[in-house]
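Good morning, and thank you for making time for this item. I would ask you to keep the sequence and the structure in view while I speak.

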Amino acid sequence: MAKLCENIICGDMRLFKNEKNELICRTSTDTEIVSEHCTDFDACTDADNIIHIGTADEKGNLVYIRHISGHWGRGIAARKVDAENIFISASGNGIVIFYTIKNKLFSLKIDNDLHEPDLVSEITPSSFPFCDGKNIYYTNNRGVLCKNREELCSGREISHIFATSGLVCFKDKDELKILDERTEHSQKSLTRRHGRRAQCPLIMHTGNRQILAWLDGNKMLSSQKEDESWQRLEETALDNYDNAAIFKLCNRTSFQYCIGFLKNNEPIFPHRNPSTPISQTDAITHKVNPQNSKPTDTLSLQLLGELREIRKKLIELDEKLEKTKKNQTVQIIRKESSTPKKTSLYKSHKK
């Protein structure tokens, strides 16, 4: 997803790439390096509030990472594929990872098993695919805008695709266009004047409003939809901020994208505030110790379903033990060991 956004907020966690291409997870009290080398990544949150990450490492491996109960687990989903344009989404009882290899778009499903990659289509070199959580949009090798394996419309040079709630906006050479899937794929040209420099146009939802916005150099341009027409462009200068970026905001049931400004590495959203603001002052940075994380890092992706069942059984067992403690008196006999006691230096990661 590097062509679209490199800042994702899942609950109280902000995931982003730093200048060293490290994948960072930051909360209000802590900062840690999730991956020491990250060429591209995407993240989502499922209905159980588990965070799922798809990323590519320095060896070209497609890596699947998840965060559950305060711990990170990871495994290699595909080896040495040099994956780019990664998107990940929760689907039923599993997750789906979309990624490109050169001019080919693949999907990879992970549930109780790790499935084989599925070739979706060959794509144009300039096409940047986009996943809205359920569907994958892309431009095939004939220059046609597609949704999954359905053709929507053709263009001169389609790129920078974004879709939400049945609306698809994209760049067609120097034009910004929008397509409404609910009205027999009718498309409109929004602007030619501002399309050449537009970076990643997207649609933001604020209450009942729809806002089309994009970055253009050191400013943000936006247009609000009223009735059936888009109003005059508004310009927001970035003079009072350090930088601007596109953010993905996730919760258990949905996600959306918006343009945010960075001031002293703090995200500020002019059109929408995230449900859980993140304060990053006085955060402590540390790395995930590879030795400490080894038992979790070697998680077999095929056993994810079984691990969920084991977790449920452990919770039930804890409840039974608590009831037993209330009804029993236990006599503890301490016995001195004849050999020196060994202290384990292993500490599991905790936030």
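Glutamate 151 counts as partly exposed, because its relative accessibility is 41%, which falls between the limits of 20% for buried and 50% for exposed. I should say at once that we are looking at a predicted model, and that the accessibility is a computed value. Glutamate 151 belongs to strand S16, which covers residues 150-154. What is glutamate 151 in contact with, once its neighbours within four places in sequence are left aside? The partners are Asn140, Arg142, Val144, Leu145 and Cys146. For one of these, asparagine 140, I can add a distance: its C-alpha atom is separated by 8.8 Å from that of glutamate 151, and the two residues are eleven apart along the chain.

Let me now turn to the chain as a whole. It contains 29 strands and two helices. Of its 351 residues, 48% count as buried. If one takes the contacts between residues at least 6 apart in sequence, 40% of them join residues at least 24 apart.

I have chosen one sheet to show in detail. It is an open sheet of four strands, in the order S9-S10-S11-S12, and the pairing is antiparallel. Why do S9 and S12 each have one side without a neighbour in the sheet? Strand S9, residues 84-91, and strand S12, residues 118-122, stand at the edges and have a single partner strand each, so one side of each is left open in this respect. On average, neighbouring strands of the sheet are turned by 20 degrees against each other, with direction ignored. At the S12 edge, strand S11, residues 104-110, is joined to S12 by four bridges, and the two run antiparallel. Serine 107, for instance, has aspartate 118 in S12 as its bridge partner.

My last topic is internal space. Rolling a probe the size of a water molecule over the atoms shows where empty space is left. In this structure there are three cavities of 30 Å³ or more, and the largest holds about 110 Å³ of space. Which residues lie nearest the centre of the largest cavity? They are Lys3, Leu4, Phe128, Pro129 and Ile161, out of 13 residues in the lining. By class, the lining comprises ten nonpolar, two polar and one charged residues. S9, strand S17 (158-164) and strand S21 (199-206) each supply at least two lining residues. The largest share, three residues, comes from S17. Strand S9 thus appears twice in this account, at an edge of the sheet and in the lining of the largest cavity.

Conventions
Residues are numbered from 1 along each chain as its sequence is written. This is a predicted model: local features need pLDDT of at least 70, side-chain atom pairs count only at pLDDT 80 or more; totals for chains, interfaces and linings use all residues. Side-chain values use heavy atoms; hydrogens and water are left out. Two strands pair if DSSP finds at least two bridges between them. Axes are lines fitted to C-alpha atoms, for helices over the stretch in contact, and angles run from 0 to 180 degrees between N-to-C directions. On a 1 Å grid over the protein atoms alone, a cavity is a set of points where a 1.4 Å probe fits but cannot get out, and a pocket is an open set with protein on both sides within 12 Å along at least five of seven lines; lining residues have an atom within 4 Å of a point. Grid points are joined across faces, edges and corners, and a volume is the space filled by probe spheres set on the points. Ala, Val, Leu, Ile, Met, Phe, Trp, Tyr, Cys and Pro count as nonpolar, Asp, Glu, Lys and Arg as charged, and the others, Gly among them, as polar. Buried means under 20% relative accessible area, exposed over 50%, partly exposed in between (1.4 Å probe, protein chains only). Contact means heavy atoms within 4.5 Å.
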